[in-house]
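Biologist: Could you pick one spot in this structure, look at it closely, and then work outwards from there? I'd like one connected walk rather than a list.

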Amino acid sequence: MEHTKTYHSETFDTQFGPVIIEGPLSSEQLAKYTFDKELHAFRPPVKQFEALQSIADFEEGRIIIARHEENIIGYVTYLHPDPLERWSEGSMEDLIELGAIEVIPQFRGFRVGSRLLQLSMLDEYMENYIIISNEYYWHWDLKGTRLSIWDYRKVMEKMMAAGGLTPSPTDDPEIISHPANCLMVRIGENVPVSSIEQFDHLRFLTRHQYRKARGE
């Protein structure tokens, strides 16, 4: 599968000045910018920026950023699922994961997250993918936003909907470990039925493994 990437960008105004949403970007393009120190939800900013640059050069990897002048203030990543996750079983070329999305507090009132997702879907090649996002409440900034876990879940669902991702049932142990966790999914228009069936098998892998063990 050839992972074609087409660059898009948009600019919108905020009270702090214009913000540019753009991507997918290469590691060389990312290296031209600074990475805001408030982007630390997943790991220290320096390490996270290094991770983004690595993902950018993966064959299927996509990094879309939001920047204020030359400073990255938000981003979203897409790449194949982690080899340790169930979603990597079968090595589906047309299954990619929205691995992380993050926006610094100062710019959270301007729909930056939704804009990142909307712009990433402007690339017609995204219609060739099944896109998933594993939403775990322990990654959410409940303290910073002062939202309840369920209010944050509503905000997350609304933002993901901007990119066409909707909640989907699964028996993945980590997802079902807490009722606020959820699997978000977008199935592109060009995804073949065979891939959809394979993905459905992965969504309920625990059930299938149990049945197989019982000889059903």
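Modeller: Sure, let's start at glycine 61, which lies in the loop between helix 2 (45-56) and strand 4. Bear in mind that this is a predicted model. Loop or not, glycine 61 has a relative accessible area of 1%, and since anything under 20% is called buried, it counts as buried. What does glycine 61 touch, once its neighbours within four places in sequence are left aside? Its contacts are Lys5, Ile55, Ala56 and Tyr78. For a sense of distance, take serine 27: it is 34 residues away from glycine 61 along the chain, and their C-alpha atoms are separated by 11 Å.

Ala56 makes a handy stepping stone, as it also turns up in the contact list of leucine 25. Leaving out neighbours within four places in sequence, that list also has Tyr7, Leu30, Tyr33, Ile63 and Ile65. Leucine 25 sits in a loop too, the one between strand 2 and helix 1 (27-30). With a relative accessibility of 4%, leucine 25 is buried as well. Its contact Tyr7 is 18 residues off in sequence, with 7.5 Å between the two C-alpha atoms.

Now on to the charges. In general, side chains of opposite charge can pair when their charged atoms come close. The whole structure has 10 salt bridges, and one of them joins glutamate 22 to arginine 67, with N and O 2.7 Å apart. That pair ties together distant parts of the chain, 45 residues apart: glutamate 22 belongs to strand 2 (residues 19-23) and arginine 67 to strand 4 (residues 62-68). Are these two partners buried or exposed? Glutamate 22 is buried at 4% relative accessibility, and arginine 67 is buried too, at 10%. Arginine 67 also has a salt bridge with glutamate 70, this one at 3.5 Å from N to O. Glutamate 70 is partly exposed, with a relative accessible area of 46%.

There's another salt bridge to look at, between arginine 86 and aspartate 172, whose closest N and O atoms are 3.2 Å apart. This one spans 86 residues: arginine 86 is in the loop between strand 5 (71-79) and strand 6, and aspartate 172 is in the loop between strand 8 and strand 9. Both arginine 86 and aspartate 172 are buried. As for shared partners, Glu22, Arg67 and Glu70 are joined into one network.

That loop after strand 5 leads us to strand 6. Of its 9 residues, 8 are buried, so strand 6 is largely enclosed by the rest of the structure. Which strands does strand 6 pair with? It pairs with strand 5 in the antiparallel sense, over 6 bridges, and with strand 7 in the parallel sense, over 3 bridges. Tyrosine 75 stands opposite glutamate 102 of strand 6, while isoleucine 96 faces isoleucine 131 of strand 7. Put helix 3 between strand 6 and strand 7 and you get a right-handed β-α-β unit.

Last stop, helix 5. Its 13 residues (149-161) should span 18 Å at 1.5 Å a residue, and the end C-alpha atoms are indeed 18 Å apart. Its buried residues are Ile149, Tyr152, Arg153, Met156, Met159 and Met160. They cover an arc of only 130° around the axis, which means that they sit on the same side of helix 5. That fits a general rule: an α-helix has 3.6 residues a turn, so residues three or four places apart point the same way. What covers these buried residues includes strand 6 (95-103), helix 3 (112-120) and strand 7 (130-135), the elements of that β-α-β unit. Strand 8 (166-168) and strand 9 (182-187) are also among the covering elements. On the face of helix 5 turned away from its buried side you'll find the exposed Lys154 and Lys158.

Technical notes:
Residues numbered from 1 in each chain as written. Predicted model: local features only at pLDDT ≥ 70, side-chain atom pairs only at ≥ 80, totals over all residues. Heavy atoms only, no water. Helix = DSSP H or I, 4+ residues; strand = E, 2+ residues; numbered from the N terminus. Expected span 1.5 Å × (residues − 1). Buried < 20%, exposed > 50% of the residue type's maximum accessible area, 1.4 Å probe, protein only. Arc of directions from axis to C-beta. Contact = heavy atoms within 4.5 Å. Salt bridge = Lys/Arg side-chain N within 4 Å of Asp/Glu carboxyl O. Pairing = 2+ DSSP bridges. Right-handed = clockwise from strand over helix to strand, strands pointing away.
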